[in-house]
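Colleague: Could you take me through one part of this model in detail, the sheet and whatever packs around it? I'd like the cut-offs as you go.

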Amino acid sequence: MNSNVILKEDRPTTSSIEIEKERMHWRVMPPVSSWCSQQVSGLTATTSPILEPIICYVTAPRLDSTWFVDISVVTPRTEVIYRNQLAVERFLGDKGKRVLERVLSLADNVSQEQNWPLSYIEIKTVKDSEVKDWQYILVIFNFACDFMTADGYLHDFYRKLDSLTNLLDEEEEDILRRMLFFDVGTTI
Amino acid sequence: MMSEPLYRAVNPKTYLELADRLSSEPHETSKRTAADRAYYAAFLMSRDILATKGYITPYYSSEDHRYVAVTLKRQDILGSLGNDEERIRRARNLIMYDTRDINREQQDARSLKWILDTTKRIVERVENLPIKPPMGR
């Protein structure tokens with residue numbers, strides 16, 4: 001993760017030692033059957049955490065080799081709410097699901113790094129009634145701020161998304177263009 | 001001999017000018033029509049400019065909505081910013097199909113100012129695209 005790189009680069013060379021290279025906690029992955037179900041606007045929604053290991057480097061003054069501190073921090077991650085997760089996954093297929101996971105992971109990282117007031121991410125399928133067979137996945141970033149501020153966050157995200165696009169293969173890039181669209185909502 | 005056309009060719013830029021004019025009128029019908037014309041300005045100007053510059057070959061039908069939305073997101077065109085054209089479309093769809101009150105809290109509810117500003121930003125970016133060099137060069 002980017003934060004690791006920053007911490008590594010910031011690490012002083014003489015006055016501190018790396019006391020712990022700790023793989024921080026994975027978010028506990030409940031069995032699918034126990035995932036929380038809730039009603040959102042009359043539709044059944046399923047929440048699931050974004051799973052990603054958090055690796056943290058901790059530095060401290062070189063005092064005593066026994067002076068180790070056990071630090072356990074669980075960083076809150078963004079909640080993702082699907083409106084009909086099965087339909088979303090069926091539409092995307094395996095490769096599409098992997099692209100979506102990368103996009104969500106990117107959004108989560110950007111949100112953490114830039115302290116976005118991101119309440120949750122909503123994912124749903126959209127059918128355009130005016131165009132035959134036009135369906136896509138809409139990813140909505142719901143922010144606890146006014147619309148124009150949220151719109152600015154989305155435009156920041158576009159730049160990060162363009163950087164990600166450069167790392168995708170041709171098929172993945174095609175999926176991102178054709179199947180995934182983005183918008184914002186506000187919760188206040 | 002060709003008969004006189006029922007409708008003469010139109011430059012979709014005039015839709016944007018019309019949307020601007022309508023946006024300053026107080027009537028609800030004018031505001032909603034302004035939003036509709038703004039979307040069509042963004043869509044049709046993008047389509048026609050991309051065609052003129054060699055990026056696409058339009059269908060000249062409703063198929064072009066999807067074609068333009070997906071094409072604008074290409075990295076050599078607008079990249080992720082192209083996503084905004086589809087945001088305008090969803091806002092327009094809500095405004096044109098739902099004749100009831102539309103509240104700020106509703107998904108896809110966007111102010112007319114945002115719709116017009118976003119349309120102008122997209123059009124400006126598309127107008128500044130270079131002419132695509134022919135394949136094989």
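Modeller: Sure, let's start in the middle of the sheet: strand 6 of chain A and strand 7 (residues 135–143) of chain A pair in the antiparallel sense through 9 bridges. Pairing here takes at least two DSSP bridges between two strands, and the elements themselves are DSSP runs, with helices being H or I of at least four residues and strands E of at least two, numbered from the N terminus. Before going on, some housekeeping: this is a predicted model, where local features need pLDDT of at least 70, side-chain atom pairs count only at pLDDT 80 or more, and totals for chains, interfaces and linings use all residues. Residues are numbered from 1 along each chain as its sequence is written, while chains are lettered from A and ligands numbered from 1 in the order in which they are written.

Back to the sheet. Glu122(A) has Ile140(A) as its bridge partner in strand 7 of chain A, and Glu122(A) is also the bridge partner of Ile81(A). That second pairing belongs to strand 5 (residues 79–83) of chain A and strand 6 (residues 118–127) of chain A, which run parallel and are joined by 4 bridges. To get from strand 5 to strand 6 of chain A, the chain passes through helix 2 (residues 85–113) of chain A, and this β-α-β crossover is left-handed. For the convention: with the strands pointing away from the viewer, a clockwise path from the first strand over the helix to the second is right-handed.

On strand 7 of chain A there is another pairing, with strand 8 of chain A: these two run parallel and 7 bridges join them. Phe143(A) stands opposite Thr186(A) of strand 8 of chain A there. Strand 8 of chain A is mostly covered, with 5 of its 7 residues buried. Buried means 20 or more other C-beta atoms within 10 Å of a residue's own, exposed means 12 or fewer, and partly exposed is in between, with C-beta atoms placed from the backbone.

Leu180(A) is a good residue to click on, and its place is in strand 8 of chain A. Leu180(A) counts as buried because it has 20 C-beta neighbours inside 10 Å. Apart from neighbours within four places in sequence, Leu180(A) is in contact with Leu100(A), Val103(A), Tyr136(A), Ile137(A) and Val139(A); contact means C-beta atoms, placed from the backbone, within 7 Å. The C-alpha atoms of Leu180(A) and Gln135(A) are separated by 9.8 Å, although the two are 45 residues apart along the chain.

Now for helix 2 of chain A, where Arg102(A) lies. Arg102(A) is partly exposed because 15 other C-beta atoms lie within 10 Å. From Arg102(A) to Ile140(A) the C-alpha to C-alpha distance is 15 Å, with their positions 38 residues apart in sequence.

What does the packing add up to? The largest nonpolar core has 29 residues, and Ile121(A), Ile123(A), Ile137(A), Val139(A), Phe141(A), Phe143(A) and Leu180(A) touch the most other members. Such a core is a set of buried Ala, Val, Leu, Ile, Met, Phe, Trp, Tyr and Cys residues joined through C-beta atoms within 7 Å. Strand 5, helix 2, strand 6, strand 7, helix 3, helix 4 and strand 8 of chain A each give two or more residues to this core, and strand 7 of chain A gives the most, with 7 residues. As for Ile121(A), leaving out neighbours within four places in sequence, its contacts include Val80(A), Leu104(A), Ala107(A), Val139(A) and Phe141(A).

Zooming out, chain A has 4 helices and 8 strands, running α-β-β-β-β-β-α-β-β-α-α-β from the N terminus on. Buried residues make up 20% of its 188 residues. Among contacts in chain A between residues at least 6 apart in sequence, 77% join residues at least 24 apart.

Finally, the partner chain: 13 residues of chain A are in contact with 15 residues of chain B. On the chain A side, helix 3 (147–165), helix 4 (170–179) and strand 8 (180–186) of chain A give two or more residues each. The residues on that side divide into 6 nonpolar, 2 polar and 5 charged, with Ala, Val, Leu, Ile, Met, Phe, Trp, Tyr, Cys and Pro counted as nonpolar, Asp, Glu, Lys and Arg as charged, and the others, Gly among them, as polar.

Key
Contact = placed C-beta atoms within 7 Å.
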